[in-house]
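Work through the exercises below with the sequence and the coordinates at hand, and try each task before reading its solution.

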Amino acid sequence: YFFSAFMASKVKTLISKVPRPGSFRKKKEREKEGEEDATQEEAVETPQRSASGLLRSSSTKKQEQLRRQEAAMARSDTSRKVELECLAVLESAIDSDGDSDDGAEGNEAHGADGGSPTQQWESQRTEGERRVFFVWKGGPLTLEGAVDVSVDGDKVVISPGTYEDIYVVCNKSIELCTGGKKKVALQNHNHPVITITGGRMKLDGININYTGREHGSVLCKGGWPQIRNCNINSTGAYGVQVEGGAKPYIFKNSITNRKGRGIVVSKACGLIDSNEVIADRAGVYISGPAPADLIPQARPASPAPAPAPAPEEASPEESSTEPSSSTADSPSAERSHEGIKGLEVLRNRIRDCKSEGAVTITDGGDGVFELNEVHSSTVGLFISNDANPTCLSNKIWRCNTGVLISDDGRGDLRNNEIYANHGVALELIGNANPTISRNIVKENKKGGVLINGARGTFANNEVLGNMLDGVTVLGSSHVAFTDNQVTDGKGVGLVVESGAEGVFTGNTITSNAKGDLQNASAIQFDNTNTIGNEST
């Protein structure tokens, strides 16, 4: 039954497709009539169109030429960039094939004058133009190769991915950056991943990982490099090391080293600003003073807190090809290289340093250490061996010792907050001789200030609410203690032991739980001091 029904439908379909008698003849007649009507209309309209068509075609050509000229001007920057990108790829291909070509073919490939594409392009290069090299995994151009063939002002864009055994040595003013939202990771086990020996190299938004023990991630030996928005990880001696004539700008990076130090500065200048630093040893380690020829002018004797950042004049390559960035993410919004006077460490967050001071300044090191936050470390700030830094408006908390100054260490400490530490907030030993003024020392578990065999000048400080004695001056110490306030402690406000020397004037020592003054020395307290209860 189903087969019969199927066959019947097929037959019906075939019959419907058979043309009826006379259908072909009627179709031909209709087509012929249509052709005749079209011919007559064309004969009538042709004279009119021929007269006006010339005018319209001439006008259209002029409009088309103008449109093309405007479009060419509008995309001139883009076309020039594409031209330079193609030239960069061409040069890499020529360089890779240059050894296998004969002399005639090589000259023809490099141009009639025998110069390479780089030389030809450099001779025609105008201000603000740059080449862009693209590097990707498995591509024709390696990162080291791109750096080698680049010239000052060029840019190297790295495609996302992890690149092993990267060893870049650069003395050029070029930029290395990422080519997408995903991460770019450069790694090495045997050498520093990036070594900068000169120029104004820029590293932006890259993960730089060193997995060995002897070296670190970035080594700056010269030049004026900028390292910003990078994630720097190391298991070696350092994360970033600055030495010799280098003067870097290290801005808004995350620097982690669970085996060694975070940032090491050895007799160098630079600006270290707004970084997150985590290290097993020192987060920032400063050794030795900066060479005098690197400092444009002498630092004032009593520098004020950092002024509002001065705008940095944009370089030609930045102004012509790069989009403007926000004020917060731009190094020009913070400080120009030319404005750096010595070493400045500003607005960093430094923590979890267990083996050394979170900030260690030694061997005559100096510089400005300002507006930083230091916590959760063995020692927050350690100054020793004739170091003489200026420390302004920092916060140091939750450390075993807040500030330790020893072995002829000096320094100018002003407007800092040292609070909630597990041990003593401020300890001076070993002939230390700092100037300490206008600081707040409060709520520390084992006392506020301990002076043991040291000197120093203390003025206008507030020592408040500490768990044990507020200020303790041990024998063989000599201090000038003026206009300080020591109140609300859980122990004795001021303890001066036998053998201590100094001058105490204008101080307010009141409201301490176990007495306000305990004096076993020969020091006389005059009536300029306000002392509540003197204990024995």
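The exercises that follow treat enclosed cavities and one arginine of a predicted model.

**Exercise 1.** Find how many cavities of 30 Å³ or more the structure holds, and describe the lining of the largest cavity by residue class.

*Solution.* The search yields two cavities of 30 Å³ or more, and the largest cavity encloses about 50 Å³ of space. Its lining is made up of Leu426, Ile436, Val441, Val449, Phe458, Asn461, Val463, Val471, Phe481 and Asn484. Sorting these residues by class gives eight nonpolar and two polar residues, with no charged residue in the lining.

**Exercise 2.** Repeat the analysis for the second largest cavity, giving its volume and the classes of its lining residues.

*Solution.* The volume of the second largest cavity comes to about 40 Å³. Around this space stand Phe369, Leu381, Cys391, Asn394, Ile396, Val403, Leu413, Asn416, Ile418 and Asn439. Seven residues of this lining are nonpolar and three are polar, while none is charged.

**Exercise 3.** Locate Arg261 relative to the strands β15 and β16, and decide whether Arg261 counts as buried or exposed.

*Solution.* Begin with the chain: Arg261 sits in the loop that runs between β15 (254-257) and β16 (263-266). Next, take the relative accessibility of Arg261, which is 16%; because buried means under 20%, Arg261 counts as buried. Finally, list the contacts, leaving out residues up to four places away in sequence: Arg261 touches Ala237, Tyr238, Gly239, Ala279, Arg281, Ala282, Tyr285 and Glu356.

Methods: Residues are numbered from 1 along each chain as its sequence is written. This is a predicted model: local features need pLDDT of at least 70, side-chain atom pairs count only at pLDDT 80 or more; totals for chains, interfaces and linings use all residues. Side-chain values use heavy atoms; hydrogens and water are left out. On a 1 Å grid over the protein atoms alone, a cavity is a set of points where a 1.4 Å probe fits but cannot get out, and a pocket is an open set with protein on both sides within 12 Å along at least five of seven lines; lining residues have an atom within 4 Å of a point. Grid points are joined across faces, edges and corners, and a volume is the space filled by probe spheres set on the points. Ala, Val, Leu, Ile, Met, Phe, Trp, Tyr, Cys and Pro count as nonpolar, Asp, Glu, Lys and Arg as charged, and the others, Gly among them, as polar. Helices (H or I, at least four residues) and strands (E, at least two) are DSSP runs, numbered from the N terminus. Buried means under 20% relative accessible area, exposed over 50%, partly exposed in between (1.4 Å probe, protein chains only). Contact means heavy atoms within 4.5 Å.
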